[in-house]
Amino acid sequence: MRRIKHNWVVTKGEEYTELDRKVLSFQDQGYLCPTKSLILTPEQIEGVRKSGIINTGILDLVGREIHAGMTTEEIDKLVYDYTIQHGATPATLGYEGFPKSCCTSINEVVCHGIPNDLEELHEGDIINVDCTTILNGYYADASRMYVIGKTTPKKQKLVDVTKECLEIGMEAAKPFGFVGDIGYAIEKHAHKNGFSVVRDLCGHGVGLKFHEEPDVLHYGKRKTGMLLVPGMVFTIEPMINMGTWEVFIDSEDGWTVVTEDELPSAQWEHTFVMTDHGLEILTH
Ligand code: MF3
Ligand code: CO
Ligand code: CO
C-alpha cells in the first residue's frame with residue numbers, strides 16, 4: 001500500500017479554503033504535496049524579486065567585464081563588490097565552508113568551481129558563473145554561461161541547448177502539475193540533441209532559505225515529484241553534459257564537480273515563482 005505523506009495540513013477548527021480543498025484532493029490520492037510553509041506570501045515574493053534584481057545586475061556586470069586573461073578570482077571580486085554595494089550579501093560566502101561569493105565552473109567543471117587567482121580564462125572556454133544573493137533575508141539564485149571569445153560549434157551547441165532545456169523546463173511547469181513534468185521535458189530535449197543530464201545535483205526550493213524542498217530533478221517521469229502550487233518559489237538549473245552524465249567531486253578541494261570523462265558541461269539557472277498561469281522568472 002502506498003503511504004500518503006500528509007504535508008498539507010489544515011489546523012483543526014480552521015475554515016477550508018478553496019486552495020485547501022484543491023491540494024487535499026491531490027494529497028488524498030497519494031500525491032506528494034508541499035507544506036504550507038513552501039507557499040510564499042505576495043510580500044515574500046516581492047522580497048525575492050528585489051533580491052533577484054540585484055542578482056541580475058551582478059550577472060549582467062559579469063557579462064560586460066568577462067574576457068580572456070581574466071582570473072576567476074577577479075570575477076569573484078566583481079560579484080562581492082557589487083553585492084555589498086547594493087546592500088546585499090553573497091549567500092555562498094562561508095556557506096558550509098565554501099570560501100567565495102560565487103561559483104565559477106569552466107568547461108568540464110559541472111558546478112561549484114571555486115574562484116581562484118591561478119585560474120585564467122582562455123579564448124574558447126565556456127564558463128558558468130552561479131551567484132546567490134541575499135537581500136533582507138530573501139534568496140535569489142541564478143547562473144549563466146559565458147563564452148570567452150569564440151568557441152567550437154559543439155561547445156556552443158551545448159551552451160545553447162542547455163539554455164533551451166531551462167526554457168523548456170519552465171514551460172513544462174504548470175500550476176497543479178508536478179515537479180517531474182519539468183525533469184521529463186528537460187531530459188527529452190537534452191537526449192534529442194545527443195547530450196546527457198547530470199543526475200547527482202538538482203534544482204531546489206529557494207526564497208526564504210538557500211536550499212529548501214522540493215528537489216527539482218532535471219530528469220524523470222511526468223506526474224512524479226511534488227505538486228506545483230501557486231506561491232512556490234524554486235530554481236530550475238539543468239546541468240547538461242556533452243558525454244557521460246556521470247560526475248565526480250575533486251578530492252583536493254571537496255567542492256568542484258567534474259564530468260567523469262572530462263568532456264564539457266553547461267548549466268543555466270533561474271529562480272521562479274509559480275503563479276496561477278505558470279512560472280514567472282524572479283531573476284530576470
Ligand atoms: N548556487 C548553487 C545552487 O544553484 C549552490 C552553490 S553552493 C556552494 O544551488 F557552496 F557551492 F557555493
Ligand atoms: Co540553485
Ligand atoms: Co545557483
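Mentor: Donors here are N, O and S atoms within 2.8 Å of the metal, and water is not among the atoms, so sites may look incomplete. The model is predicted.

Trainee: Which protein residues are donors of the cobalt ion (ligand 3)?
Mentor: The protein donor atoms lie 2.1 to 2.4 Å from the ion. Asp130 is listed twice, each time through OD. Along the chain the donor residues are spaced D-x10-D-x127-E. The residues are Asp130, Asp141 and Glu269.

Trainee: How far apart in sequence are the parts that Asp130 and Glu269 tie together?
Mentor: Asp130 belongs to strand β4 (residues 126–135), while Glu269 sits in the loop between β13 (265–267) and β14. Both residues are buried. The parts this pair ties together are separated by 139 residues.

Trainee: Why is the arrangement around the cobalt ion (ligand 3) irregular?
Mentor: Six donors count as octahedral if opposite donors are over 155 degrees apart and all others between 65 and 115. Around this ion there are 6 donor atoms, and the arrangement is irregular because their angles run from 58 to 168 degrees.

Trainee: Which residue coordinates both cobalt ions?
Mentor: The cobalt ion (ligand 2) has protein donors Asp141 (OD), His204 (NE2), Glu237 (OE) and Glu269 (OE), at 2.0 to 2.2 Å. The two ions, ligand 2 and ligand 3, are 3.3 Å apart. The residue named as coordinating both is Asp141.

Trainee: Where does His204, a donor of the cobalt ion (ligand 2), come in the spacing of its donors along the chain, and in which strand does His204 lie?
Mentor: The spacing is D-x62-H-x32-E-x31-E, and the site is irregular, with angles of 51 to 161 degrees among 6 donor atoms. His204 and Glu269 tie together parts 65 residues apart in sequence. His204 is buried, and its strand is β7 (residues 203–205).

Trainee: Which residue of β14 stands opposite Val233?
Mentor: In β9 (residues 233–236), Val233 and Thr235 are on one side and Phe234 and Ile236 on the other, and all are buried. In a regular strand the side chains alternate between the two faces of the sheet. Strand β9 pairs with β14 (residues 270–274) in the antiparallel sense over 4 bridges. Opposite Val233 stands Val273.

Trainee: Which backbone oxygen does the side chain of Thr92 reach?
Mentor: Thr92 is in the loop between β1 (89–90) and β2 (103–106). Thr92 is buried, because its relative accessible area is 7%. Beyond its neighbours within four places in sequence, its contacts include Phe98, Lys100 and Phe210. The backbone oxygen, reached at 3.4 Å, is that of Ser101.

Conventions
Residues are numbered from 1 along each chain as its sequence is written. Chains are lettered from A and ligands numbered from 1 in the order in which they are written. This is a predicted model: local features need pLDDT of at least 70, side-chain atom pairs count only at pLDDT 80 or more; totals for chains, interfaces and linings use all residues. Side-chain values use heavy atoms; hydrogens and water are left out. Buried means under 20% relative accessible area, exposed over 50%, partly exposed in between (1.4 Å probe, protein chains only). Helices (H or I, at least four residues) and strands (E, at least two) are DSSP runs, numbered from the N terminus. Two strands pair if DSSP finds at least two bridges between them. Donors are N, O and S atoms within 2.8 Å of the metal (3.2 Å for Na, K and Ca); water is not among the atoms, so sites may look incomplete. Four donors count as tetrahedral if all angles lie between 85 and 135 degrees; four count as square planar and six as octahedral if opposite donors are over 155 degrees apart and all others between 65 and 115; anything else is irregular. A polar contact is a pair of N or O atoms within 3.5 Å; within protein, one must be able to donate a hydrogen and the other to accept it, and residues adjacent in sequence count only if both atoms are side-chain atoms. Contact means heavy atoms within 4.5 Å.
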